[in-house]
Amino acid sequence: MFRFAEVILPLNLPKTLTYGIPLEMQDVLQIGMRVEVALGKNKLYAGVVADLHNHQPDAFQIKPIKSILENQPSISENQLRFWQWVGEYYLASPGEVMQAALPAHLKLAAETRLVWLSPDYEVNWSPEAELAVATLQLKNEITLNELRGIVGARAFAQVVEELIEQQAVLIKDELEPTYKPKKEKFISLAIAYHKNEEALSRLFNSFAKAPKQEALLLGYMQLSHGNQFVLQKELLERTQVSAVVLKMMVEKGIFDVEEMEVDRLLFKQNISSQEFVLSTAQKHAFETLSESLLQKNVVLLEGVTSSGKTLIYVKNIQSCLQEGKQALFLLPEIALTTQLMKRLLGFFGDKLGVYHSRFSNNERIEIWEKVRKGQYQIVVGPRSALWLPFSSLGLIVVDEEHDASYKQKDPSPRFHARDAAIFLASLYQGKVILGSATPSVESLYNAEQEKYGYVRLSERYQGVKMPTIEIVEAKSTEVLKSQGIKMMTPKLIEAMTTSLQHQKQIILFQNRRGYAPFQLCLVCGWVPQCKNCSVSLTYHKSSDKLHCHYCGLKAAPLHTCASCGSNRLQSKTFGTEKIEEEVKQIFPQATVARMDVDSMRGKNTINDLLEKIEKRKVDILVGTQMVVKGLDFANVALVGILNADSLLSFPDFRVNERAFQLMEQVSGRAGRADGKGQVLIQAYNITHPVLQWVKEHNLQALYKHEITFRAHLGYPPFTRLIKIAVKHKDEIKSMEAATELAQALQGMEGIIVAGPAPALVSRIRNQYIYEVWLKCHRNATILAQVKQKLQATQQKIISQRSFGSVIFVFDVDPI
C-alpha cells in the first residue's frame, strides 16, 4: 500500500505537492485520479495524482487527501507522461500544463459562498449591507465575488464582517462539480393509445372542433416515425402551436412529457457516406507514404496546393481505424475544422468528433468523455486537441505543418503542437504524417537528413494547372489617388472587373487588421500611442475607436494632434477594414465580406461566412492570414496580395520563409477547380528573390538559400533557440534582472548569449520587457543543463527582495 501521493494542482507552483493517503483510500487511489485537497488554511482544489510512493518528506508536515472525486482515473498514464515532457521541455510548471490540458469542469476549485440563515430577529443593517441582505433573501446563496460586485470593493470587508457578526450567514467552502448534463423535454403518446388503432381513431374524431390539438397529434405522428419520443421543441416548431395547448393535452392524459439527458454534440445534418477514387498521382503518393511509414515514425508529405492531400490523409486514417486504433487530425485554425468536418463526416460519420476552444465548457467535457471511452475514433481540432484522453492513438496527421499557429504564445506552456504531436505519438507507438504545400525549413532539413520519411505530390488533383502569378509594380497606385483609390493598382482593378463579369469569386489578402494601422501628424510627425504599451493605436471603423492590439485599450479617434495642435492627421498604410470600404466604393454591386480576428469573434461567425462563400453569396473576400490556411473554394479565380513589401521587411531570421509560405498558400486559393486561377502580387521592391520564387512555385530554391544562410549564422535547425522575456513595471528593474540572468549564463558550454535588449514592443500593459536570447547546441545533455541553470537562476533572482515581482517568461523554440 502506498502512503503518499504527488498531486498536481492547477496553479503555477514549481513542482507537485505531497499529500498523505488516508488508510481507507490506500487500496482505492490510483495514478491519474482527481482528488480533493486543501492548500493553505482552507482553500480547496481538485488535483490530479501524478505518483504514489512511500517516501515521507522530512521538511514539512503532510496534509491528508480529503476525498477521491471519481471511481476511475480521468487522466491516463500516457497523458501524464505527455504532460511531464511538455513541462520539462518547454519550461512550464506541472500546474500550468494541467491548466492548459484539462477542461474547466475537471479543474474544480472551491469558491467561498455565503448562505442566508434568515435570522428571526430585527437587525439594523448599515446602508452598505442592506443591498447584500436583499440579494441574499432573494437568491439564498451568493459567492464572495458576487458580493464584492454588489457592494463594491471598498465596503466589501465591512459587509462580510457585519453579516458574520449578526450570524445571518453560513460560510460554505466546498468543491462542487459545475458540469450539468443538457436536458430537453420529450413528448410521448399516453400508453392508452399505444398500438390501439380504435382508441386513436376516436381521439382524432374528438378533435373536430379543436384544430390546434389535432395539429399537435398529427405532428407527433409524423415526427415519431415509429419512435416513442419526440422533442417538444421540434413538435411545437413543426406545428406552430403554442405550449399552452400542449400542456392542456398533457393534463388530459393524451400526451406524457418527460425530461431526458441529450447529447450536446449531435450533428443535425444527415451526411451520406462518400466513396472516392485516388488519381494516379495520389495513388502513387499514398503507396509511397504507406511504405515510408513502415520504415519511419514521421513522414513529411509535401503536396502543392489543391493536390488532394486530404484524400491521402483519409486513406491513412481509414487504415488506422481498421486496426482498431484512434486518429487525430490537427489543423492550425478553428476556421479549417469547420470546413473539413463537412467533408470528413461523409467518410467517418458518428466516429468523428471535433474539439476546439469555441465549444462551451459543457460541450468540451462531453467530447473529452467520448474520446476517453473510444466513441470518437477520429478527432479533428487545433493544438488543444493534443490534450484529449486517447486510449489507443495510432496516427496523428498535422496538416499545414509549417503554420506558426501551432505554437502556443500565451499563457504557458508555450508548446509547439507539431513537435509535441511527434512525442505524443511515440507514447502510443503511433505514426505521424506532416503535410504542407510549403513545409518548414526545419521539417525539410529533417527529411533531407533522413530523420523523417519524405513523399512529394507535385501536381494538382486531376491535373488542374497551378495559378499564373504576376508581380505588379505598386507605384502604379499613384495613378488612381485622385479618385480616392489608394490601395489597388489599375491592373488589379481590371482583373477584379473581369472575374466579377465571369461570376467568379475574389480573395484580397492584407496582413493587417483594422482600418488604418496608424495615424500620423503631417506637421510634427506625432503618432497616437497606447498609454500602456510601446505601440501605435490602430483605428477601427466598425467601432469608431483607436485600438491597441496588445492590451485591448480603446480610445476615441483623434482629429487634432496632441503634440502641436494641428488638425493635419493622416492615416498611414491600410488594414482590412479600409480595404473593404475601398472595394465597396469601386464595386458597389458586389457583395464584400471580411475575414479577420475582429470580424470572426462569435461562435458561429466562421461557419456562417464559409457557408455564404460556398453558396456564392460573397463575391469578394478581404482577409488577413485567416484566408491563407487551407480553405477550399472552387469558384475563386483571382487572388490579390496588396502589400508584399510588408511581409518581406519584418526583423526576423524566418522572414523569407514566412513571406514565401504566406504568398504561396494564399495563391493556392485560386483556380482550384478549373486551373484558371490568377494571382496578382503588388510590391514596390519587385526584384526581391522571394517574389521570383513564389512566381515560379520554387520551394527548393527558397530552401537552399535559407539552409545555407542559417548554417552560416547558427540558426535553427542547426541550433535551438530559447527566448527569455523579463518583465517589470519599473524599466530599470527589468533591465537589471535581465542583465543578472544573462551574466549568470555567460561562459556555459555550448551556448551563445545575446542581450539583454529591449523587446521589439518594449512595453505591454505597463510592463517593460527586456529579452535575453540563447542559441544552444542541439546536444540533449547541454540543452537540459541550460534549462536547469535557467530555472535555478530565475529562483535566485526573484528570491531577492528588490526583484520579487519580476516576471520571467521562457519560450523554447520561439516562432
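At what angle do helix H3 and helix H5 pack, and how far apart are their axes? In this predicted model, H3 (residues 127–139) and H5 (residues 153–165) pack at an angle of about 60°, and their axes lie 9 Å apart. That angle makes H3 oblique to H5. The crossing of H3 past H5 is right-handed. On the H3 side, the residues that meet H5 are Glu128, Ala129, Ala132, Val133 and Leu136. Their counterparts in H5 are Ala155, Gln158, Val159, Glu162 and Leu163. Sorted by class, the contact of H3 with H5 holds 7 nonpolar, 1 polar and 2 charged residues. An α-helix has 3.6 residues a turn, so residues three or four places apart point the same way.

A second helix pair can be described in the same terms. Helix H23 (residues 731–745) and helix H24 (residues 780–798) cross at roughly 140°, and their axes come within 10 Å. Here too the arrangement is classed as oblique, H23 relative to H24, and H23 passes H24 in a right-handed crossing. From H23, the contact draws on Ala737, Glu740, Leu741, Ala744 and Leu745; from H24, Lys789, Leu790, Thr793 and Ile797 take part. The class count for the contact of H23 with H24 is 6 nonpolar, 1 polar and 2 charged residues.

Turning to a single helix, H11 covers residues 309–322. Does the span of its 14 residues agree or disagree with the expected value at 1.5 Å a residue? The expected span is 20 Å, and the end C-alpha atoms of H11 are 20 Å apart, so the two agree. H11 is also mostly covered, with 10 of its 14 residues buried. The buried residues of H11 begin with a run from the start of the helix, namely Lys309, Thr310, Leu311, Ile312, Tyr313 and Val314. Asn316, Ile317, Cys320 and Leu321 are buried in H11 as well. Just after H11, Gly324 adopts a positive phi of about 80°.

A closer look at one residue completes the picture. Asn446 sits in helix H15 (residues 441–448). Is Asn446 buried or exposed? Asn446 has a relative accessible area of 13%, and therefore counts as buried, the cut-off being under 20%. Once neighbours within four places in sequence are set aside, the contacts of Asn446 are with Lys451 and Tyr452.

Notes: Residues numbered from 1 in each chain as written. Predicted model: local features only at pLDDT ≥ 70, side-chain atom pairs only at ≥ 80, totals over all residues. Heavy atoms only, no water. Axes fitted to C-alpha atoms, helices over the stretch in contact; angles between N-to-C directions. Helix = DSSP H or I, 4+ residues; strand = E, 2+ residues; numbered from the N terminus. Parallel < 35°, antiparallel > 145°, perpendicular 65-115°, else oblique. Left-handed = near helix turned anticlockwise from the far one by under 90°. Contact = heavy atoms within 4.5 Å. Nonpolar A, V, L, I, M, F, W, Y, C, P; charged D, E, K, R; others polar. Expected span 1.5 Å × (residues − 1). Buried < 20%, exposed > 50% of the residue type's maximum accessible area, 1.4 Å probe, protein only.
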